[in-house]
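Visitor: May we go through this structure by way of its core and its charged side chains?

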Amino acid sequence: MFCCGSRRNTSEKPCIFCNVSDTIGITRIVAETEHLVAFRDRSPSAKVHLLVIPKEHISTVKDLSREHMPLLHEMVELGKRLLKEEGFDPENEDQIRYWTWFSCTTF
């Protein structure tokens, strides 16, 4: 469905989203593009708590390269669009507190 699932090469390190498609209900998915999927967090820490993840398997932030820049830009733009759809202005720091967080499961 998304992230890497069966597309991950077995020699690659799993990422924290490798098995997420097994635990996400279709009702939590809020958007899906060719490269991304966005869904509601299972344990939200805010009224609106969304995760935007790539469908491409990327084990950690350390595995990002220059070629991923368009993907990262697409992630940020989708996040902003979804915030607007939820009634927030992503450019208004007084109205919203959000951050871009990249997982790094190895050090």
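The following exchange treats the core, a buried acid and the salt bridges in turn.

Guide: This is a predicted model, in which local features need pLDDT of at least 70, side-chain atom pairs count only at pLDDT 80 or more, and totals for chains, interfaces and linings use all residues. Residues are numbered from 1 along each chain as its sequence is written, and side-chain values use heavy atoms, with hydrogens and water left out.

Visitor: Which element supplies the largest share of the largest nonpolar core?

Guide: A nonpolar core is a set of buried Ala, Val, Leu, Ile, Met, Phe, Trp, Tyr and Cys residues joined through side-chain atoms within 4.5 Å; buried means under 20% relative accessible area, exposed over 50%, and partly exposed in between, with a 1.4 Å probe and protein chains only. The largest such core has ten residues, including L36, V52, L71 and M75. Both β2 (36-40) and α2 (69-85) provide at least two of its residues, where helices (H or I, at least four residues) and strands (E, at least two) are DSSP runs numbered from the N terminus. The largest share, five residues, comes from α2.

Visitor: Which backbone nitrogen does the side chain of D41 reach?

Guide: D41 sits in the loop between β2 and β3 (50-54). This residue is buried yet has no salt bridge, and R42, the nearest side chain of opposite charge, is 6.0 Å away; Lys and Arg count as positive and Asp and Glu as negative, while His and the chain ends are not counted. At 2.7 Å, the side chain of D41 reaches the backbone nitrogen of S43.

Visitor: With which residue does K55 form a salt bridge?

Guide: A salt bridge is a side-chain nitrogen of Lys or Arg within 4 Å of a carboxyl oxygen of Asp or Glu. K55 counts as buried because its relative accessibility is 15%, and its side chain also reaches the backbone oxygen of T33 at 2.6 Å. K55 lies in the loop between β3 and α2 and its partner in strand β1 (residues 29-32), so the pair ties together parts that are 23 residues apart in sequence. With the closest N and O atoms 3.0 Å apart, the partner of K55 is E32.

Visitor: How far apart are the closest N and O atoms of the salt bridge between R81 and E85?

Guide: R81 and E85 both lie in helix α2, four residues apart, about one turn of the helix. R81 is partly exposed, at 40% relative accessible area, whereas E85 is exposed, at 56%. The closest N and O atoms of this salt bridge are separated by 2.9 Å.

Terms used:
A polar contact is a pair of N or O atoms within 3.5 Å; within protein, one must be able to donate a hydrogen and the other to accept it, and residues adjacent in sequence count only if both atoms are side-chain atoms.
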